[in-house]
Amino acid sequence: MSQADLLDQDPVFQLKGSMLAITVMELSHNDLERLDQQLSAKVAQAPAFFSNTPLVLALDKLPEAEGDINLSELMDVCRKHGLRTLAIRANRDGDIAAANALDLPVLPPSGARERLIDPAPAPVPAKPAEPEVKPTKVITSPVRGGMQVYAQGGDLVVLAPVSSGAELLADGNIHVYAPMRGRALAGVKGNQKARIFCQQMGAELLSIAGQYKVAEDLRRDPLWGHAVHVFLSGDVLNIKRL
């Protein structure tokens, strides 16, 4: 189940996930009451996904006929549902002025080309590139609720229980040789070949390269509570017995 699958194609807006932690919400209508209602429905489906989620509000697809949107009220609606606005993407003068008044960064519209502000500086000898694969990160103590462990550039191995509310992230594979009740996100920078191995699957969320399943889906799987191997096949998250 992908992030796109979670969100139906209502004409009010679309949510699009970025590589890891940033969500882009593209608005096609400025009806805040309707947006509030639909966000409530989405949060009910996957509350963990919407908890303190960093957000970019994309206003560049709003029709001119809709008029200016009340940016402050829009941010309040998003905050109510756990979405924390970091910036907006806009091209209309009114939206840009409102963002400036709120000291909110403004990103260029979707598809806009970057502009060169200064001539390119003289080339500087590049530092030797770091190896893409870093040593495996090994965790031997329990990962409790509220904790986050990230294995940058490599694999993550956990030899102790992972509690509900805990989060494991890795650019490579994730191995949990104990009960897994939190969230595990492998291949967070887009590695579709990454895999997740759980000795006992009881996770709140399992994700590989942005494709994920939440607890509601996982509990329906006959392998819930068993040792599993999770991998991607196309855009489909597969769960197989170890």
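The exercises below, each with a worked solution, deal with a predicted model of one protein chain.

Residues are numbered from 1 along each chain as its sequence is written, and side-chain values use heavy atoms, with hydrogens and water left out. Because the model is predicted, local features need pLDDT of at least 70 and side-chain atom pairs count only at pLDDT 80 or more, while totals for chains, interfaces and linings use all residues.

**Exercise 1. The chain as a whole**

Task: Find how many helices and strands the protein chain has, and what share of its residues is buried.

Solution: Begin with the elements, where helices (H or I, at least four residues) and strands (E, at least two) are DSSP runs numbered from the N terminus. Counted in this way, the protein chain holds five helices and 16 strands. Next comes burial, for which buried means under 20% relative accessible area, exposed over 50%, and partly exposed in between, with a 1.4 Å probe and protein chains only. By this rule, 44% of the 242 residues in the protein chain are buried. Last comes the surface, with areas from the Shrake-Rupley method with a 1.4 Å probe, where for residues only the protein chains shown count as cover. The accessible surface of the protein chain is about 13,300 Å², and 52% of it belongs to carbon and sulfur atoms.

**Exercise 2. The nonpolar cores**

Task: Name the residues with the most contacts inside the largest nonpolar core, and list what Leu156 is in contact with.

Solution: A nonpolar core is a set of buried Ala, Val, Leu, Ile, Met, Phe, Trp, Tyr and Cys residues joined through side-chain atoms within 4.5 Å. The largest one has 29 residues, and those with the most contacts inside it are Leu156, Leu168, Ile174 and Ile196. Apart from this core lies another of 20 residues, among them Leu55, Met75, Leu83 and Leu104. Now take Leu156, remembering that contact means heavy atoms within 4.5 Å. If its neighbours within four places in sequence are left aside, the contacts of Leu156 include Lys137, Ile139, Val149, Leu168 and Ile174. As background, in soluble globular proteins nonpolar side chains tend to be buried together.

**Exercise 3. A network of charges**

Task: Work out which residues are joined into one network by salt bridges that share partners, and where the paired residues lie.

Solution: A salt bridge is a side-chain nitrogen of Lys or Arg within 4 Å of a carboxyl oxygen of Asp or Glu, and the structure holds 10 of them. In one of these, the side chains of Lys61 and Glu26 meet at 3.9 Å, N to O. Lys61 lies in the loop between strand 3 (53-58) and helix 3 (71-80), whereas Glu26 lies in strand 2 (residues 23-27), so the pair ties together parts that are 35 residues apart in sequence. Lys61 is partly exposed, at 43% relative accessible area, but Glu26 is buried, at 11%. A further salt bridge joins Asp60 and Arg89 at 3.2 Å, N to O. This pair too links distant parts of the chain, since Asp60 is in the loop between strand 3 and helix 3 and Arg89 is in strand 4 (residues 83-89), 29 residues apart. Both Asp60 and Arg89 are buried. A separate step takes Glu216 and Arg220, whose closest N and O atoms in a salt bridge are 3.8 Å apart. The answer on the network is that salt bridges with shared partners join Glu26, Asp60, Lys61 and Arg89.

**Exercise 4. Strand 15 and its partners**

Task: Describe how strand 15 pairs with strand 12 and strand 16, and say whether Val230 is buried or exposed.

Solution: Two strands pair if DSSP finds at least two bridges between them. Strand 12 (residues 196-201) and strand 15 run antiparallel and are joined by three bridges, and Phe197 has His229 in strand 15 as its bridge partner. Strand 15 and strand 16 (residues 236-241) are also antiparallel, pairing over six bridges, with Leu237 in strand 16 as the bridge partner of Leu232. These two strands form a hairpin with two residues between them, and Gly234 in the turn has a positive phi of about 70 degrees. Turning to cover, five of the six residues of strand 15 are buried. Val230 is in strand 15 (residues 228-233), and Val230 is buried, with a relative accessible area of 0%. Among the residues that Val230 touches, not counting those up to four places away in sequence, are Ile196, Leu206, Ile208 and Leu237.
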